[in-house]
Amino acid sequence: MSSNTDFLLAIENLTVSFDGFKAVDDLTLYVDKGELRVIIGPNGAGKTTVLDLISGKTKASAGSIKYNNIELTRMREHQIVRAGVIRKFQTPSIYDNLTVFENLEISYPWGRTVWGSLSFNRTEEVVERIKEVAGEVFLGDMLDIPGEMLSHGQKQWLEIGMLLIQNTELIMLDEPVAGMTPKERDATAALLKKISKKQSVIIIEHDMDFVEKIASRVTVLHLGKIIKEGTMTEVRNDPRVQEVYLGH
Ligand SMILES: Nc1ncnc2c1ncn2[C@@H]1O[C@H](COP(=O)(O)OP(=O)(O)OP(=O)(O)O)[C@@H](O)[C@H]1O
């Protein structure tokens with residue numbers, strides 16, 4: 001039995017097997033409150049599977065995932081979302097027919113109030129919050145633009161906004177800058193740094209220049225195991241990391 005922790009997220013001895021193959025193998029990882037953690041590693045290392053396990057999309061074969069000391073491994077996906085653990089998948093999944101405003105509006109945490117959707121009511125407070133978040137994700141001038149008209153990078157930003165508006169303690173992003181221009185990447189790096197002052201953020205990323213810009217602490221996965229954890233400089237200088245990942 002593992003004990004209580006002060007970590008926001010405490011993953012201990014987590015394992016998942018697919019037909020005998022351990023995609024995540026006895027993984028132990030702790031994330032602090034207000035931390036921005038980047039997970040890197042070669043294709044097939046198990047990075048996305050770790051997010052699938054945290055979010056309940058995939059069930060663990062063994063081990064524990066505690067969020068604010070609540071055990072997540074026995075919870076269903078929607079219960080985990082309600083507990084405050086939300087994620088963005090690799091490809092943007094916004095509503096193409098809805099405007100930027102409406103996409104943010106449907107992500108507003110209506111359901112957290114006692115009366116849930118019964119109290120769905122476009123109050124001044126909600127409108128202000130939507131505008132605030134749109135501004136944070138660089139879409140303040142595009143509130144009336146339908147999702148389908150946005151560039152790929154803007155769609156990624158909108159989806160980050162749809163997470164932000166939910167105001168949870170932890171957000172998880174799978175390759176948030178994939179397909180973005182260099183300028184958009186720089187803006188996103190600044191955005192994520194800002195977000196992590198208030199919320200914990202876990203990011204999976206392949207773009208090392210981007211990781212360099214945002215990362216405080218980096219975890220390197222390989223074959224379902226952590227092979228290195230540290231600053232980007234420590235990670236870059238590690239011979240094993242160079243061998244399996246960065247040297248390619
Ligand atoms: N549901 C599943 N069933 C069977 N095998 C799976 C399943 N999900 C993942 N795997 C396998 O687990 C391994 C880890 O995959 P995962 O997608 O987590 O890697 P990754 O580090 O995110 O890779 P990438 O950088 O390519 O996204 C891979 O070998 C993959 O084929």
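Which residue does Met172 stand opposite in β8? Let's work up to that together, in three exercises.

Two notes before we start. Residues are numbered from 1 along each chain as its sequence is written. The model is predicted: local features need pLDDT of at least 70, side-chain atom pairs count only at pLDDT 80 or more, and totals for chains, interfaces and linings use all residues. Here pLDDT is the predictor's confidence in each residue, from 0 to 100. The protein's mean pLDDT is 90, with 94% of its residues at 70 or more.

**Exercise 1. Trace the mixed sheet and find the partner of Met172.**

Step 1: Set the terms. Helices (H or I, at least four residues) and strands (E, at least two) are DSSP runs, numbered from the N terminus. Two strands pair if DSSP finds at least two bridges between them.

Step 2: Lay out the order. This open sheet has 6 strands, β6-β7-β8-β3-β9-β10, and its pairing is mixed. β6 (85-88) and β10 (225-230) are at the edges with a single partner strand each, so one side of each lacks a neighbour in the sheet. From one strand to the next, the twist averages 20°; axes are lines fitted to C-alpha atoms, for helices over the stretch in contact, and angles run from 0 to 180 degrees between N-to-C directions.

Step 3: Zoom in. β7 (residues 170-174) and β8 (residues 200-204) are parallel and share 5 bridges. Opposite Met172 you will find Ile202 in β8.

**Exercise 2. Describe the antiparallel sheet and the helix lying across its strands.**

Step 1: The order is β2-β1-β4-β5, an open sheet of 4 strands. Each edge strand, β2 (21-31) and β5 (70-71), has a single partner, so one of its sides is left without a neighbour in the sheet.

Step 2: Antiparallel strands β1 (residues 9-18) and β4 (residues 62-67) are joined by 5 bridges. Ala10 faces Lys66 in β4.

Step 3: Add α1, which lies across β1, β2 and β4 at about 70° to β2. Contact here means C-beta atoms, placed from the backbone, within 7 Å.

**Exercise 3. Work out which helix gives the most to the ligand's shell.**

Step 1: List the surroundings. Phe18, Ala23, Gly41, Asn43, Gly44, Ala45, Gly46, Lys47, Thr48 and Thr49 surround the ligand. A residue is near a molecule if its C-beta atom, placed from the backbone, lies within 6 Å of it.

Step 2: Match residues to elements. Helix α1 (residues 47-54) gives the most, with 3 residues.

Key. Contact = placed C-beta atoms within 7 Å.
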